[in-house]
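Please look through the sequence and the structure shown below before reading on. The report that follows takes up a few places in turn and describes what surrounds each of them.

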Amino acid sequence: QVQLVESGGGLVQAGGSLRLSCAASGLTFGSYTMGWFRQAPGREREFVALINWSDGGAYYAHSVKGRFTISRDYAKNTLYLQTKSLTPEDTAVYYCAGTRRIGTTITAEYDYWGQGTQVPVSS
């Protein structure tokens with residue numbers, strides 16, 4: 001079965017950085033658009049970044065553009081999210097997800113989800 005397993009979260013101070021990872025198994029990694037989403041306490045899950053399977057193109061939410069970088073290692077079947085200049089507003093549980101669609105930021109259009117990794121950012 002498909003498994004997406006996130007790691008790399010943890011407490012970080014404002015201005016700091018983290019690299020999140022998502023190890024994928026049970027799916028043809030190169031045939032899936034992979035995305036990062038996050039959910040802060042009391043808020044809906046929101047799109048953060050995606051990388052398309054078709055051309056490797058990346059797309060970011062306005063709130064993280066210029067601070068976060070999404071990438072993927074096809075040999076390791078692993079998705080990454082490099083973050084920097086974190087603020088308390090980035091505090092959330094971060095999820096990776098996969099879809100066969102291209103360029104979608106819609107949560108409901110992703111078929112597979114990881115269990116999430118927490119990223120608390122202290123001020």
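## A loop residue and its surroundings

Is N52 buried or exposed? In this predicted model, N52 has a relative accessible area of 11%, and because residues under 20% count as buried, N52 is buried. N52 is found in the loop between β5 and β6, the latter covering residues 58–60. Leaving aside neighbours within four places in sequence, N52 is in contact with T33, G57, R72, Y74, I102 and G103.

The loop between β5 and β6 is also the place of G56, but G56, at 34% relative accessibility, counts as partly exposed. From G56 to G42 there are 14 residues in sequence, while the C-alpha atoms of G56 and G42 are 33 Å apart in space.

## The nonpolar core

The largest nonpolar core has 33 residues, and the members that touch the most others are W36, V48, I70, L79, L81 and Y94. Two or more residues of this core come from each of the strands β3 (18–25), β4 (33–39), β5 (46–51), β7 (68–73), β8 (78–83) and β9 (92–99). Which element gives the largest share of this core? That share, five residues, comes from β5. As a general background, nonpolar side chains in soluble globular proteins tend to be buried together.

The surroundings of I70 can be followed residue by residue. When neighbours within four places in sequence are left aside, I70 is in contact with M34, W36, A49, L50, I51, A58, Y60, L79, Y80 and L81. Among these contacts, W36, L79 and L81 are named together with I70 as core members that touch the most other members.

## The disulfide between two strands

How many disulfides does a search of the whole structure find? The search finds one, and this disulfide joins C22 to C96, with a distance of 2.0 Å from S to S. The torsion about the S-S bond of C22 and C96 is about 50°, so the disulfide is right-handed. Since C22 lies in strand β3 and C96 lies in strand β9, the pair ties together parts that are 74 residues apart in sequence.

Both ends of the bond are enclosed by the protein in terms of accessibility: C22 counts as buried at 0% relative accessibility, and C96 is likewise buried, with a relative accessible area of 0%.

## Further residues in β3 and β9

Strand β3 also holds A24, which counts as buried at 8% relative accessibility. Not counting residues up to four places away in sequence, A24 touches Q3, L4, F29 and N77. The C-alpha atoms of A24 and G98 are 9.3 Å apart in space, although A24 and G98 are 74 residues apart in sequence.

In strand β9 the residue to consider is T99, which is buried, with a relative accessible area of 0%. A polar atom of the side chain of T99 lies 3.1 Å from the backbone nitrogen of R101. If residues up to four places away in sequence are not counted, T99 touches Y32, T33, T104, E109, Y110 and D111. Of these, T33 is also in contact with N52, and Y110 returns in the description of the aromatic residues below.

## Aromatic rings and charged ends

What does a search of the whole structure for aromatic pairs find? The search finds eight aromatic pairs. One of them is formed by F37 and Y110, and this pair is edge-to-face, with 4.9 Å from centre to centre and 80° between the planes. The pair links distant parts of the chain, with F37 in strand β4 and Y110 in the loop between β9 and β10 (112–113), 73 residues apart. F37 is buried, with a relative accessible area of 0%, and Y110 is also buried, with a relative accessible area of 5%. F37 and Y110 belong to one aromatic cluster that F47, Y59, Y95 and W113 form with them.

Charged ends sit over two of the rings that have been named in this report. The charged end of R45 sits over the ring of Y95, 3.7 Å from its centre, and Y95 is one of the members of the aromatic cluster. The charged end of R72 sits over the ring of F29, 4.5 Å from its centre; F29 is among the residues that A24 touches, and R72 is among those in contact with N52.

Conventions: Residues numbered from 1 in each chain as written. Predicted model: local features only at pLDDT ≥ 70, side-chain atom pairs only at ≥ 80, totals over all residues. Heavy atoms only, no water. Core = buried A, V, L, I, M, F, W, Y, C linked by side-chain atoms within 4.5 Å. Buried < 20%, exposed > 50% of the residue type's maximum accessible area, 1.4 Å probe, protein only. Helix = DSSP H or I, 4+ residues; strand = E, 2+ residues; numbered from the N terminus. Contact = heavy atoms within 4.5 Å. Disulfide = S-S within 2.5 Å. Polar contact = N/O pair within 3.5 Å; in protein donor to acceptor, adjacent residues only side chain to side chain. Phe/Tyr/Trp six-rings, centres within 6.5 Å; stacked < 30°, edge-to-face > 60°. Lys NZ or Arg CZ within 6 Å of the ring centre and 35° of its normal.
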